[in-house]
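Reader: I should like to work through this model feature by feature. Please give the general idea each time, and then the case at hand.

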Amino acid sequence: MEEKKTIVPRRRMSPSLRKILLLLVLLLIPIFLAGAGFLVYSIINARESGRERIDTAVSTQLEDLDSSLSMVNLYLTETLMNNSLTKKINTEEDTHDRLVAARSLWEEFDRQNSLWAGNFNLFYYCPSRSLSVSRFDSGSNYSDNDAIRTMIKESAGKALFGESHLLWKPLAVNGSAYLLQIYTYQGNYVACWLSCSDAFSVLQGAVLSPNGLYVVLDSSYEPVLGKGTLVDRGIELDGGTATCSRWGEFCEVYEMHRADIRLLVNDDPYIDQENLLFLITFFCVTLLIILAFSLYTLTYFHRYIETPFQEFQQHVNNYASVRRHVKKRGFAELDEAVEAFDSLQMQLQELKIDVYEEKLALARTELEYFQLQIKPHFFVNCFSIIFGMAQKKDFSRIQEFCLKLSNYVRFLFRDGFTMVTLREELSVIREYLDIQNIRHRTENQMQDSIEEALLSREIPPLLLLTFVENAVKHAELNAWNLTVCILVSRLEEQQKLRFIVKNNGSKFPDEYLELLNDPAYYLDGGSHGGRGVGIRNIHKRLSLIYGNRFSLHFYNSNKGACVEILLPDEEIRPTAEMNFSADSNKLADK
């Protein structure tokens with residue numbers, strides 16, 4: 001006979017778990033989008049700053065080069081028209097005297113080259129005497145200089161230069177670009193040329209990155225050395241406008257006042273990789289912390305609440321099925337005993353359901369408590385503060401701010417029903433006020449009056465911090481010096497601890513004050529919208545821990561709002577947790 005295969009039904013995610021998962025996803029999406037948007041904005045802003053830096057540096061260098069070209073123009077005209085040596089070369093009949101004058105002119109060229117015209121090549125030509133004087137820069141290409149000199153001599157004989165003008169002309173020689181200036185007067189010529197690689201060496205060496213380049217264009221916006229470089233870079237020229245195919249690159253065309261050329265500059269704007277990496281790391285770490293918390297919440301709910309409850313329900317259903325089968329085939333004499341056992345089983349089932357419902361309410365409240373602590377806008381603002389301090393290179397304040405923020409976040413993400421000492425609660429309040437002072441540039445302070453012996457007493461976490469947060473949140477715009485005062489005392493006759501939190505900021509509105517002191521306000525399930533969510537959350541947690549052995553009282557003083565909290569002065573544990581343990585022991589005994 002063939003064995004029948006047992007088909008195990010596939011378990012589906014429960015509606016409660018799906019709701020929790022959906023809530024966490026809806027919470028994570030805005031945080032992720034805000035962080036991603038901030039990073040994109042930071043990158044775009046850094047690129048814009050880089051583009052402005054390149055534009056300013058290039059404009060400054062071109063202005064300096066224009067000044068140098070203008071100075072050379074003045075020197076060339078002075079040499080051609082008023083220099084005594086050139087006049088002597090042109091008028092002296094004795095050959096020896098002309099050669100001596102030519103030698104003296106070369107020495108003058110050399111002296112000027114050493115003083116201020118280091119990269120310029122000077123050339124004087126007198127066709128009527130077949131005499132020329134040239135002084136080349138030692139670092140320039142001799143073959144290119146000789147070719148330019150030969151070209152000037154040949155062109156001079158054909159009278160191709162025409163009238164002199166102040167603009168320098170572009171010239172391509174043996175695959176290199178040059179700026180050339182030629183003046184002519186009474187049949188004599190004086191010329192000067194400069195290699196573009198020397199003219200724009202500062203751009204390539206100090207302004208542009210290793211991937212940046214410049215291209216020399218003529219008056220019709222055509223590259224002097226051909227379009228090969230532009231094609232390789234994906235750059236298109238449309239008149240005086242240049243566009244690049246790659247996003248974010250710098251691509252601009254500049255005009256010079258003393259040269260008949262245009263300069264196309266292309267570069268990738270510099271981005272501060274250190275600051276960008278720091279922001280990305282901080283964002284990823286924060287996102288991982290929130291994801292880890294979300295996964296822990298889902299796992300805890302599934303393992304310790306949903307799965308045990310499903311198993312319990314399955315056991316009850318199995319017993320009911322067996323019970324029906326036994327009753328149909330059993331003996332009538334045992335009906336009375338079976339009915340008594342059924343009654344006991346129903347009581348056990350109701351007791352277990354009540355205990356688990358209380359456990360579910362506790363877990364749900366704890367989840368809501370954690371979710372209320374996650375403030376996306378708070379963390380985004382913190383990112384902005386850290387980015388601003390990083391731009392100013394204020395690394396000591398960044399370290400201090402991150403340390404305070406990490407302590408604050410660590411305290412928020414701890415177990416919501418694990419008691420903390422009063423000393424720990426006061427410490428995190430000071431951290432919170434320091435963070436707010438850095439964010440808003442305020443000088444908020446905390447004053448406390450507490451006996452040393454009371455600092456070790458345990459209280460629910462965030463009990464006092466929530467009211468301090470409300471004081472900062474609702475402070476008036478002109479309250480730059482908010483003072484939060486915390487008083488803790490022990491009422492011997494009542495065996496209670498009294499906590500008073502007051503501030504010098506805004507007061508409670510009268511209608512809202514009456515609402516907060518009304519017990520019915522905490523039983524309506526939030527019918528007043530999103531107002532007072534934090535206070536109702538505290539009231540619910542205190543109810544689960546202390547039952548009805550606590551009190552909250554709100555009032556206004558002459559200076560601001562006040563909150564008075566009375567708690568039992570005893571060793572405390574969560575009420576629901578103790579009830580659940582006790583009920584479980586009873587069930588085990590039965």
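Reader: Is Leu462 buried or exposed?

Author: The model is predicted, and the term rests on a cut-off: a residue counts as buried under 20% relative accessible area and as exposed over 50%. Leu462 has a relative accessible area of 1%, so this residue is buried. Its place is the loop between β13 (458-459) and α13 (463-473). Leu462 is not a glycine, yet its phi is positive, at about 70°.

Reader: Which value does phi take at Ser130, and where does that residue lie?

Author: Ser130, likewise a residue other than glycine, has a positive phi near 50°. Ser130 belongs to the loop between β1 (121-126) and β2 (131-135). Its relative accessibility is 63%, so Ser130 counts as exposed, whereas Leu462 is buried.

Reader: How should one read the pairing of strands, and what is the order of the open sheet of three strands?

Author: Backbone hydrogen bonds pair the strands of a sheet, in either a parallel or an antiparallel manner. Here the open sheet has the order β6-β10-β9, and the pairing is antiparallel. β6 (213-217) and β9 (250-255) are at the edges with a single partner strand each, so one side of each has no neighbour in the sheet. On average, neighbouring strands of this sheet are turned by 20° against each other, direction ignored.

Reader: How many bridges join β6 to β10, and which helix packs on the sheet?

Author: β6 and β10 (residues 262-267) run antiparallel and are joined by five bridges. One of the bridge pairs is Val216 with Leu263, the latter in β10. Helix α1 (residues 15-81) packs on the sheet and touches β9 and β10; the directions of α1 and β9 make an angle of about 25°.

Reader: What surroundings does strand β15 have, and which strands pair with β15?

Author: Strand β15 (residues 496-503) is largely enclosed by the rest of the structure, because six of its eight residues are buried. Strand β14 (residues 483-491) runs antiparallel to β15 and is joined to it by eight bridges; Ile486 has Val501 of β15 as its bridge partner. These two strands form a hairpin with four residues between them, and Gln495 in the turn has a positive phi of about 55°. β15 is also joined to strand β17 (residues 561-568), again antiparallel, by seven bridges. In that pairing, Leu497 has Leu567 of β17 as its bridge partner.

Reader: How are salt bridges to be read, and how many does the structure hold?

Author: Side chains of opposite charge can pair when their charged atoms come close. The structure holds 18 salt bridges. In one of them, the side chains of Arg47 and Asp268 meet at 2.9 Å, N to O. Arg47 is in helix α1 and Asp268 in the loop between β10 and α8 (273-329), so this pair ties together parts that are 221 residues apart in sequence. Arg47 counts as buried at 14% relative accessibility, whereas Asp268 is partly exposed, with a relative accessible area of 31%.

Reader: Which residues are linked in a network of salt bridges?

Author: The network consists of Lys169, Glu255, Asp260 and Arg262. Lys169 forms a salt bridge with Asp260, and their closest N and O atoms are 3.0 Å apart. That pair links distant parts of the chain, with Lys169 in strand β3 (residues 169-173) and Asp260 in the loop between β9 and β10, 91 residues apart. Lys169 counts as partly exposed at 36% relative accessibility, while Asp260 counts as buried at 15%. Within the network, the side chains of Arg262 and Glu255 also meet in a salt bridge, at 3.8 Å, N to O. Arg262 is buried, with a relative accessible area of 14%.

Reader: Which residues make the nonpolar surface patch of about 420 Å²?

Author: Leu21, Val25, Ile29, Phe32 and Leu33 make this patch. Leu21 is placed in helix α1 and, at 34% relative accessibility, counts as partly exposed.

Technical notes:
Residues are numbered from 1 along each chain as its sequence is written. This is a predicted model: local features need pLDDT of at least 70, side-chain atom pairs count only at pLDDT 80 or more; totals for chains, interfaces and linings use all residues. Side-chain values use heavy atoms; hydrogens and water are left out. Two strands pair if DSSP finds at least two bridges between them. Axes are lines fitted to C-alpha atoms, for helices over the stretch in contact, and angles run from 0 to 180 degrees between N-to-C directions. Contact means heavy atoms within 4.5 Å. Buried means under 20% relative accessible area, exposed over 50%, partly exposed in between (1.4 Å probe, protein chains only). Patches are made of residues with over 30% relative accessible area and no salt bridge: like charges are joined within 9 Å, nonpolar side chains (Val, Leu, Ile, Met, Phe, Trp, Tyr) within 5 Å. Accessible areas come from the Shrake-Rupley method with a 1.4 Å probe; for residues, only the protein chains shown count as cover. A salt bridge is a side-chain nitrogen of Lys or Arg within 4 Å of a carboxyl oxygen of Asp or Glu.
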